[in-house]
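Biologist: I would like to learn how to read the features of a model like this one, step by step. Could we begin with the surface and then work along the helices?

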Amino acid sequence: MSDASEPRERAAGSRGFDPDVWIRPLCALAVAGVAAYASYVHQRDFALQGGADTVSTSLWPLSVDGLLLLATVALLKPSGAHTRRARCAVWSAFLLGIAVSLAANVAAAPALEWKPVLVAGWPPVAPLLSVELVVRRPDGMQGERGGRRGQAKSERLHDDDDPLLVRARPLDARHRELHQRPASAETLRKEVRIGAGRSRQLAALVRGSRS
């Protein structure tokens, strides 16, 4: 038992110290923090020009950068942590915050020349690029990690005690009684609410267990 568990423990330990998992989000948060600090003064000047009082002038930038910070933290979470609707809402909030921050920063530039506009407009653009680099990882890295995740999921699905198999078997049996054919991967995906890749694995295992 101990010999079989040692490779799994070593694999789990190596995944826990993967530098890419930590460096990318930390760098993105650092860029977002620096950008928020740099844009605060510009947005405060913009609010002052817009007729806000002293208190509102100091608080208005926090509403914009706070929205960006919340959206940035949400985007740095793994994609599986959000539903599609929630992820669209997060991206909408992030892009809206970027647009408002960019407009306020550019409007607060001392002159409409390329140097002042670049200095004032860069802070809102930096979080957008950093988050995009974190979310859109290189294809090779995605394939390697996707392969490891798929292998781990496949191993879990072969366990007879897996809750997905427990839920899928009666669904497949009921589908066979009603339609005289096994439940498709798409049917299982909708009923069990899992991804397309895992639903295909689940459908194959359910059919294999019956045969």
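Biologist: Which helices each supply at least two residues of the nonpolar patch?

Modeller: The model is a predicted one, and in it α2 (19-49) and α3 (54-75) each supply at least two residues of that patch. Its members are Val21, Trp22, Leu26, Leu29, Leu69 and Val73, which together make a nonpolar surface of about 550 Å². The largest share, four residues, comes from α2.

Biologist: How should I classify a single member, and is Leu29 buried, partly exposed or exposed?

Modeller: The class follows from relative accessible area, where buried means under 20% and exposed means over 50%. Leu29, which is found in helix α2, has 34% relative accessibility and therefore counts as partly exposed.

Biologist: Before we turn to single helices, what does the secondary structure of the protein come to?

Modeller: The protein has nine helices and zero strands, so that reading along the sequence gives the pattern α-α-α-α-α-α-α-α-α. Of its 211 residues, 29% are buried. Among the contacts with a separation of 6 or more, 58% are between residues 24 or more positions apart. The accessible surface comes to about 13800 Å², and carbon and sulfur atoms account for 61% of that area.

Biologist: How does one check the length of a helix, and what span should the 24 residues of α4 have?

Modeller: The expected span is 1.5 Å times one less than the number of residues. For helix α4 (residues 84-107) this gives 34 Å, and the end C-alpha atoms are 34 Å apart, which agrees. The buried residues in α4 are Arg87, Val90, Trp91, Phe94, Gly97, Ile98, Ser101, Ala104 and Asn105.

Biologist: And in α9, which residues are buried, and where on the helix do they fall?

Modeller: In α9 the buried residues are Arg198, Ser199, Leu202, Ala203, Leu205 and Val206. Seen down the axis of α9, these buried residues fall within an arc of 170°, so they line one face of the helix. As for length, α9 (residues 196-210) has 15 residues and reaches 21 Å from its first C-alpha to its last, close to the 21 Å expected.

Biologist: Why do residues three or four places apart in an α-helix point the same way?

Modeller: An α-helix has 3.6 residues a turn, so residues at such spacings point the same way. That spacing is useful to keep in mind for the salt bridges, of which the count comes to three.

Biologist: Which side chains meet in a salt bridge within α7, four residues apart?

Modeller: They are those of Arg176 and Asp172, which meet at 2.8 Å, N to O. The two residues are four apart in helix α7, which means that they are separated by about one helical turn. Their accessibility classes are worth reading as well: Arg176 is partly exposed, with a relative accessible area of 23%, whereas Asp172 counts as buried at 2%.

Biologist: Which residues are linked in a network of salt bridges?

Modeller: The network links Glu186, Arg189 and Lys190. The side chains of Glu186 and Arg189 meet at 2.6 Å, N to O, and these two residues lie three apart in helix α8, about one turn of the helix. Glu186 also meets Lys190 in a salt bridge at 4.0 Å, N to O, and here the residues are four apart in α8, again about one helical turn. Glu186 is partly exposed at 38%, Arg189 is partly exposed at 28%, and Lys190 is exposed at 55%.

Biologist: Let us end with the backbone. What phi does Gln180 have, and where is its place?

Modeller: Gln180 has a positive phi of about 60° although it is not a glycine, and its place is in the loop between α7 (163-179) and α8 (185-192). At 68% relative accessibility, Gln180 counts as exposed, because the cut-off for that class is over 50%.

Biologist: What phi does Arg193 have, and is Arg193 buried or exposed?

Modeller: Arg193 has a positive phi of about 65° and is likewise not a glycine; its place is in the loop between α8 and α9. With 74% relative accessibility, Arg193 counts as exposed.

Notes:
Residues numbered from 1 in each chain as written. Predicted model: local features only at pLDDT ≥ 70, side-chain atom pairs only at ≥ 80, totals over all residues. Heavy atoms only, no water. Patch = residues over 30% accessible without salt bridge, like charges linked within 9 Å, V, L, I, M, F, W, Y side chains within 5 Å. Areas by Shrake-Rupley, 256 points an atom, 1.4 Å probe, with all protein chains shown as cover. Buried < 20%, exposed > 50% of the residue type's maximum accessible area, 1.4 Å probe, protein only. Arc of directions from axis to C-beta. Contact = heavy atoms within 4.5 Å.
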